[in-house]
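Student: I should like to go through the assignments made for this model one at a time. Please set each value against its definition before drawing a conclusion.

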Amino acid sequence: MKAPITPEHLCDLVLLDDVRVSPDGQRVAFVRVSVDRANNTYVRNVWVLDLTQPRSVPQPFTAGNKDTHPRWSPDGRWLGFISGRGEKPAIYALPLGGGEARLVIAHLNGIEAFSWSPDARQVAFTAKMRPDECDAEDAAPAAETPAPFKDAWTLKREKEQKQHEEELRLDPRVIRRVPYRTGTTFIDDRYAHIYVVPMPQDAERTNAPKPRRLTPRETWQNFGAPQWSADGKTIYSTYSRDPESGELFRYVDLVRLDPRGKTPIVRRWALKGFSCYNPLPSPDGRWIAFERSEDDPAAYQPATLAIRSTRGERVIDLTAALDRTLGEFRWSPDGAYLYFTLQSEGNVQLWRVRVPQDGEETTPQPEQLTRAVHEITSFDVLPDGRVVFAASTPQDPSALYLLEHDGRTRPLYRPNARFLEAHAVGSVEPLRYRVEGRTIQGWLLKPADFDPSRRYPLVVQMHGGPHVMWGPSTRSMWHEFQTMLSAGYLVFFCNPRGSDGYGRAFWHANRGDWGDGPMRDVLRGVDLLCERSYVDTQRLCITGGSYAGYLTAWIIGKDHRFAAACAQRGVYNLVSMRNTTDVPFFNDREAGGITPWDDVQRLWAMSPISLAPNIQTPLLIEHSEQDYRVPIEQAEQLFQALKLMGKTVELIRWPREGHELSRSGEPNHRIERIRRIIQWFNTHAHVRDLQAQAAGEPAGA
């Protein structure tokens, strides 16, 4: 008999990311992510699989435990990667013929992204700097001799001294712009610059040459990851059009830089009416592919894939007609096709589109390459047009696959196979139902030993965003869902109005209506399931995070059918949220274009905290102390309001964590989080049963 999946099994699961095929198509590199529970951290290493051998087994290629961002050199001699094995993330490279990892470049404040020049003789990278640090860097002589030896004690002392000086510099912290914090940290006064550095050719050289900065010292915006043109004469990137706008994700333009220029010159390559991201030059030099979204001041818009001619001003949107949101994209090695993923109806599928030839005016039609029940999380294209991709499925949280020319896929590497053979995985039943003229798609997950003659408690799970899409393969929820199934629950989730994956009209259908409309979409699915004999209607539980924390509190403020609820990192007061979050304009647009100064009463009426007197369901609130997307003051307000009213409520505060706790927080916190949610549901669903017995009703009636 297979064992149940528990919260602690998070430490036994492996995830695969950042798939990269070698230039000759013979190898594929990827990042393998596992959990080191003893040290309460994650292990990230680059692994490589030989594609020329049918039964080849992937091997670890790096051993730093903090190794990411694998990138093959165009000549096939090196595999570069970013490693956090030192004090700051730095670029290393391993020779394909064997040998030790070589430090390509380390930088004062660490390196964020890099790319190889077409001739593999240079590397472009981004690193954050202040203007005064740029001045000191410019004045420093080129390093021509190895750095002097320093023992461990000296290095430790220097590190502590730098840290002390930085703390003094920011005491007090002076804020002059917004946002001033994001993720789990405050945004300092450093901005991402682009550099170019020669790749050391001498195997005996122990000190990397001095990098050359391509961006001005007085830059007040962050430059995006650099990408080289096919001829090596241009580097493409992005930067913020208006750094003072207070926007984290909008008003971004393409820029061009000359890697050979003696003085930093940034040429803006804007596209009127659009924010543009992630430029990727074609291998033949004719096009720049990029992601773009409309600069709509009234609402956020989904992203599409476009190409722009390097020889003129022609711009073609390749995916707008598909009315689905873009994921990743890659050029085929010959530049004839663009491959991309789209989110659609609970799955993430792979597509491709032929690139127009010179003189061709008609935009080619995209073709869908996969139609499986899966979520593709990363992919790359072989020279012969086949595709290697990482994906999750309902039965496997992460594996590596090969898409053949005939459309068939075969697994290349299943790191979780042994675990899945020994543990019980539940089944999936798809659902579709109508609400107010819209089709809502949902799924019911059942335990592996499901018995329709029994009665099961039901957990209603809801996604955040609100413009997120879940499906039966959603990797970020795979372990949590399976843990709840093993604990004896059914799990129901759906994509209510506002979700991604169903087109632009559906995406905007909850604008100014975060509460009642999506609530009706969710509860209609619950109503239909409660008609089934095996659903225990006295043991219904509900939970969700971020926007779904909002929706959890909203629903239990209006509907009393649930025995227990858990609201995670949620938005509960739209009035105070607007000026404490790192995305204030997100609130304005999602609320229908209003601020607290326009209509504070309407915002209050749209806030779940306004329903606090009506809440009867026992509520567990969990929130991270360093959540700067939805600050913890939101949880504090709701908890204190309910507690002072004598409601059954509990608040869990997670130290050192931010908004991404459930996906990338400390492993021990993630395990404890799931355990506490299930414990809360167990306790209070059982209390409802005792109440029924005390009233003389049969248990579970």
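Student: Why does Arg130 count as buried or exposed, whichever applies?

Tutor: Arg130 has a relative accessibility of 10%. Buried means under 20% relative accessible area, exposed over 50%, and partly exposed in between, with a 1.4 Å probe and protein chains only. Arg130 therefore counts as buried. As to the source, this is a predicted model in which local features need pLDDT of at least 70 and side-chain atom pairs count only at pLDDT 80 or more, while totals for chains, interfaces and linings use all residues. Residues are numbered from 1 along each chain as its sequence is written, and side-chain values use heavy atoms, with hydrogens and water left out.

Student: What makes the contact of Asp132 with Arg130 a salt bridge?

Tutor: A salt bridge is a side-chain nitrogen of Lys or Arg within 4 Å of a carboxyl oxygen of Asp or Glu. The closest N and O atoms of Asp132 and Arg130 are 2.9 Å apart, and the pair forms a salt bridge. Asp132 has a relative accessible area of 42%, so this residue is partly exposed. The structure holds 56 salt bridges.

Student: What do Arg190 and Glu166 tie together, and how do you know that their side chains meet in a salt bridge?

Tutor: The N to O distance between the side chains of Arg190 and Glu166 is 3.0 Å, and they meet in a salt bridge. Arg190 lies in the loop between strand S12 (185-186) and strand S13 (191-198), and Glu166 lies in helix H2 (residues 152-169), so the pair ties together parts that are 24 residues apart in sequence. Helices (H or I, at least four residues) and strands (E, at least two) are DSSP runs, numbered from the N terminus. At 9% relative accessible area Arg190 is buried, whereas Glu166, at 23%, counts as partly exposed.

Student: Why are Arg497 and Asp521 described as buried or exposed?

Tutor: Arg497 is buried because its relative accessible area is 4%. Asp521 has 0% relative accessibility and therefore counts as buried. These two residues form a salt bridge, the closest N and O atoms being 2.8 Å apart. The pair links distant parts of the chain, 24 residues apart: Arg497 is in the loop between strand S34 (490-495) and helix H5 (504-507), and Asp521 is in helix H6 (residues 516-530).

Student: What makes a network of salt bridges, and which residues does it join?

Tutor: The salt bridges share partners, and they join Arg130, Asp132, Glu133, Glu166, Arg169, Asp188, Asp189 and Arg190 into one network. Asp189 is found in the loop between S12 and S13. With 32% relative accessibility, Asp189 counts as partly exposed. The C-alpha atoms of Asp189 and Pro131 are separated by 9.1 Å, although the two residues are 58 apart along the chain.

Student: Why is Lys66 called buried or exposed, and which residues form a positive surface patch with Lys66?

Tutor: The relative accessibility of Lys66 is 53%, so Lys66 counts as exposed. Lys66, Lys88, Lys159 and Lys162 form a positive surface patch. Such patches are made of residues with over 30% relative accessible area and no salt bridge; like charges are joined within 9 Å, and nonpolar side chains (Val, Leu, Ile, Met, Phe, Trp, Tyr) within 5 Å.

Student: What makes strand S23 largely enclosed, and with which strand does S23 pair?

Tutor: Five of the seven residues of S23 (residues 325-331) are buried, so the strand is largely enclosed by the rest of the structure. Two strands pair if DSSP finds at least two bridges between them. S23 and strand S24 (residues 337-344) have five bridges, in the antiparallel sense. Phe340 in S24 is the bridge partner of Phe329. The hairpin of S23 and S24 has five residues between the strands, and there Gly335 takes a positive phi near 75°.

Student: What is noteworthy about phi of Asp18, and why is Asp18 called buried or exposed?

Tutor: Most residues other than glycine have a negative phi, and most peptide bonds are trans. Phi of Asp18 is near 50°, a positive value in a residue other than glycine. Asp18 lies in strand S1 and, at 19% relative accessibility, counts as buried.

Student: How do you know which peptide bond at Pro172 is cis?

Tutor: The bond from Asp171 to Pro172 has omega near 5° and is cis. Pro172 is found in the loop between H2 and strand S11 (181-182). A cis peptide bond also joins Val178 and Pro179, with omega about -10°.

Note on methods:
Areas by Shrake-Rupley, 256 points an atom, 1.4 Å probe, with all protein chains shown as cover. Lys, Arg positive; Asp, Glu negative; His and termini not counted. Charge placed at Lys NZ, Arg CZ, Asp CG, Glu CD.
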